[in-house]
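Here are my comments on the model, set out as numbered points. Please read them with the structure open beside you.

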Amino acid sequence: MSTLRAAGVFGLSLLSALSLAAQQNGKNTDLVLQVMQQELSRAAAGLQKSDPAPYFLSYNVDDEDGTAIAATHGAIINSVHAKRRLADVSVRVGSPALDNTHGESRSSGNTAGQLPVSDDPKALGHDLWELTDAQYKQAARAFTTAQSQRAVKADEEDKSPDFSAEKPAEAMTLPVNAPLSPDVKVWEERLRRISAVFNQHPLVYESGAMLYVTNDRRRFVSSENVQVTSGVPLARVFLIAQTIADDGMQLMRVETFEAPALDGLPREAALIEHAERMAGDVEKLRKAPIAEPFNGPALLSGRAAAVFFHEVLGHRLEGQRQRGEEEGQTFTKQVGQSVLPAFLSVADDPTVRTFAEVPLAGYFAFDDEGIPAQRVEVIQKGILKQFLMSRMPVRNFLHSNGHGRAQAGFMPVARQGNLIVTSTNGVPEKELRAQFLAEIKKQNKPYGLYFEDIEGGFTLTTRNEPQAFQVLPVMVWKVYADGRPDELVRGVDIVGTPLAALNRIVQTGDKQFVFNGLCGAESGSVPVSAVAPAMLFSEIEVQRKAQAHDRPPILPAPAAAGGAR
Amino acid sequence: MKQFATAFFLLTATLPIFSQVQNDAVLGALQAEMARSKSDLKLLNEKPPYYIEYSLTDQESFIADSSMGAPRTELHLRVRTLRAMVLVGDHKRDNSLQFSAGAVEIAPLDNDPEALRQQIWLATDKAYKAALQQYAAKQVMLKQFQQEQPLEDFSTEKPLTEIGATVKLDDVSRWPADLNAVTMIARQHPNVLSSTAAMRAFAVNRYFVNSEGSATRKGQIVYNLQTVATAQAADGMRFDQGKAYVIVADSELPSREKLLGDYSQVIERVEALRNAPMVEEQYRGPVLFSADATTTLFAALVSPNVEAKKPRPGETGRTLGAFASSYKSRVLPQFVDVRDDPTRQTAAGRSLAGYYLVDDDAVKAQAVNVIEKGILKTFLMSRQPILNLPNSNGHGRSGAFQRASSETGNLFISSSAPVKTADLKQQFLEACKARGAEYCYRVDSLGGRLAPDLLYRVYTKDGHEELVRGAAFEQLDTRELRNGITAMGDDQTVSNFYDQFGYSVIAPSALFEELQIKRSPLGNQKLPDYPAPAMN
């Protein structure tokens, strides 16, 4: 019944969009947006009598403008500026209850292509038309498949509609921040100097310093009369240092710095200091002993805990993971139940720009389906309350909460933005370490593991794979019960099943830390943040990292072999 | 444009060359690491390298695209790619397999010796380790096959030092506006569904050194400009028409007026195709190929088959492709000769894309008579020998990421009895009349899969022509070339190609006594579900 009503609402809005869009054209000063509206209206009218008829249309146009400069060993290796304009055209045919994106046909919801970079209304309109016509044809074909599959298949577990009904939103024009324009010559010189730090470290084999500046501007219009524009420039510096241990183990340190403006990035002296420290870390790691398989107390730094939560918990809270026939659905039937210790709460809040003065990479004001981003309290006091939702409904969660995200060219699905873990059981760092030592002693272990930094990880959420996760710790220390100094070890992988691991958190720090990164999944790569305090686990399981067998280079580095200058 | 490739000069390895190599930061860094690798590179009890080569490709690219009168892309970039290849074993039997290219690293753009050498060192190390693994795997693989193959894996050639001029892209600023002016024409033609123009301009400088003492440097500039217009007939059949310009001399670049004129013709053709009658279900009879269509035909059917590509161990045949067992046999009519001459800089008034003096193995380019009087005499050779052909003839070429292999340079197709164009057409019409046919077919240009791009009926009564659409050849392969061509014209025409490196095919028009034409098996596409916006 509700789906029928939803269909009616959609049908109506598609028609009303025509007149509303026409009204809006008058007051629009953004020519690209005007053309998008015009073409959307033309498409809605032109396809209205087609069979099957579209019930939803949207255009997402991304102006991408980026600068990349990379240096290694004191020399520029790449320096390029590029811009392009990409369009994602979505057409849905059938009805929200069953449309062309059903099941495995999800990718039929979207056609992507390039648009002219100049604001030439005729060329823009033409290229949008070409993409829309192609997308309509794809949607119509996929809808036939979806109908026949539904007819022959046994009942699906989750009979939720394919597209959620949302309240029509007002047009939103978010501030488009002034684009960043790095002084290329100055930055080239700066990166040369920073990357030259590694010249003094012949055991650091591959290394580099990079600047990426993006000035992306997004425009969204839909047949539901939603219209949004936004632009968030971002500057990023990457530092990387890699080596190979004598036994062939690959060891790497990566540092990322992000800021909404160029002057928000660390100064050159600080970056040089970071590079020096990374080189030192990598050299220490080369010599560090390999960790033994271990099952016992562990302390995760805030950054490490943030990555851990993103991988282990965050991905499993994404709405579509509760629906796919292939999905493991770890949390699907746990709503209202305890999934974490009661002193922990988790929210995903894309609307936060900075946390303790650190800019958050997962900030956005509206998602890629034109829905305003919302703070979502996923877990309150340990109890699972809800999921992160795109416009793909799942049982009992029929609406989006503004988490439909995608890289240009992909169909949006629910993704994390800024995952924020808070604790009511926080203690100062010193006390946390004391408790860690006490826990080690209590368990009669000779040592526990302190995870200072985790580079990233991956998670398997599908059914036919074990419900496992793996994160990639880089800086891990043995903390001895007998008071010996901490000892750096290498080759550690955290393993285990998510639910079990999460319930072994016994205490946290009182300060939260930020991890900014890029997260890759079925809807492409999106920037995310995770924020968490340090955490003490009564038990964590580690295994030895799968061993690579690449020997370190046979000859010494040219610099070490007598210099090249 | 800086001086292009004409400044090659050949000297024996004396002091001037030495100092030139030393003065070039890239060659200097390559040689410094080469010296170190040659003397010291060896892993424990494993075999040391017996051959090492470094190939550094410095490619400057200018990319511009236009669609329907507006710019889509404009990009100027430069990348240096370093490839290190190490061979272990010996000339007779080494680690090389079909696709072993060595190791590739991005190299610094700055001529900073320390940074350059760091990347060369890393690539060399990876290439050597990969070579050892390949060598072991290949030994195992070869044990499966009984007879010891009598050919060597790698030929022995004289070292060569040749330092040519480097090149840079000249002012490319005209192109975005020119491309837009071209595609803007389509706005006046509502039947044109899409219109694009793309410029890819490259300045490629290649630096090469090997452990035998060779050192070469050469540069080439290539402009690759393509225009396309698409239309659809009322029954849904879609047509792409376009013009490709592959140009290696600035002086031969078309003016804007020329481009506009050419594109107007492209649009005329695509619009004419919409209303052209469909080809009949089946036709069998004489077909006349224009010189342009003949170059496409030979580029597809002869060029890849005269390139020596060593089969995998255990596979029979002298080489891969249609001429695998045709050595010393007739592969073309008796009056046809095929010669590949990379050292020719121009032909029929055009600069050739396949011009070079030293190949990518550092072997001097040679003119090779591949097919004489229709008989396949030899193959184009790199340093990877095939049966009976133990040496290179200077045809080893590659892109930035591959090892050099046998490739076409400038492939000249000629007839020992060339017929004047008018006479050839007369012969064609007479052959047609002799069959009592009302008309026969003339192929003006060939497209992908060797389907006619522009096909005309030529009426015997008065010689008038009528464009048709929807045609494909029933069978058009090397057998048809061998037996079907009855005469060739005197209108030698150049087609330049560029795909990682340039090559050219030069051929005259050709008359086939009998070919079969049928309707294209490709189905029609749906018409637009709603009309395009008004463009004018």
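How many helices and strands does the secondary structure of chain A come to?

1. The model is a predicted one, and in it the secondary structure of chain A comes to eight helices and 24 strands. Of the 565 residues in chain A, 52% are buried. Where contacts in this chain join residues at least 6 apart in sequence, 77% of them link residues at least 24 apart.

2. The contact between the chains draws on 42 residues from chain A and 38 residues from chain B. On the side of chain A that touches chain B, helix H2 (31-47), strand S2 (75-95) and helix H3 (121-152) of chain A each supply at least two residues, and H3(A) gives the most, with ten residues. Sorted by class, this side of chain A has 21 nonpolar, ten polar and eleven charged residues.

3. H2(A) deserves a point of its own. Its 17 residues should span 24 Å at 1.5 Å a residue, and this agrees with the end C-alpha atoms, which are 24 Å apart. The helix is mostly covered, with 15 of the 17 residues of H2(A) buried. The peptide bond from Asp51(A) to Pro52(A) is cis, with omega near 0°, and Pro52(A) is placed in the loop between H2 and strand S1 (54-72) of chain A.

4. H2(A) also packs against H3(A): the two axes come within 9 Å and cross at roughly 40°, which makes H2(A) oblique to H3(A), and the crossing is right-handed. From H2(A) the contact involves residues including Leu31(A), Val35(A), Glu39(A) and Leu47(A), and from H3(A) residues including Pro121(A), Leu128(A), Trp129(A) and Tyr136(A). By class, the residues of this contact of H2(A) with H3(A) comprise eleven nonpolar, three polar and one charged.

5. A second helix pair in chain A is formed by helix H4 (residues 184-195) and helix H5 (residues 268-287), which pack at an angle of about 30° with their axes 9 Å apart. That angle makes H4(A) roughly parallel to H5(A), since angles under 35 degrees count as such, and the crossing of these helices is right-handed. Arg190(A), Arg193(A) and Ile194(A) of H4(A) meet Glu268(A), Leu271(A), Ile272(A) and Ala275(A) of H5(A); this contact of H4(A) with H5(A) has four nonpolar, no polar and three charged residues.

6. Pro350(A) sits in the loop between strand S10 (344-348) and strand S11 (354-355) of chain A, and it counts as buried because it has 29 C-beta neighbours inside 10 Å. Leaving aside residues up to four places away in sequence, Pro350(A) touches Gly362(A), Tyr363(A), Phe364(A), Ala373(A), Gly402(A), Gly417(A) and Asn418(A). The C-alpha atoms of Pro350(A) and Ala365(A) are separated by 7.0 Å, although these residues are 15 residues apart along the chain.

7. Two residues with positive phi should be inspected in turn. Asn396(A), which is not a glycine, has phi near 75°; this residue lies in the loop between strand S14 (383-384) and strand S15 (404-405) of chain A and is exposed, with 12 other C-beta atoms within 10 Å. Met68(B), likewise not a glycine, has a positive phi of about 50°; Met68(B) lies in the loop between strand S1 (49-67) and strand S2 (70-88) of chain B and is buried, with 27 other C-beta atoms within 10 Å.

Terms used:
Residues numbered from 1 in each chain as written. Chains lettered and ligands numbered in written order. Predicted model: local features only at pLDDT ≥ 70, side-chain atom pairs only at ≥ 80, totals over all residues. Contact = placed C-beta atoms within 7 Å. Helix = DSSP H or I, 4+ residues; strand = E, 2+ residues; numbered from the N terminus. Nonpolar A, V, L, I, M, F, W, Y, C, P; charged D, E, K, R; others polar. Axes fitted to C-alpha atoms, helices over the stretch in contact; angles between N-to-C directions. Parallel < 35°, antiparallel > 145°, perpendicular 65-115°, else oblique. Left-handed = near helix turned anticlockwise from the far one by under 90°. Expected span 1.5 Å × (residues − 1). Buried ≥ 20, exposed ≤ 12 C-beta atoms within 10 Å, placed from the backbone.
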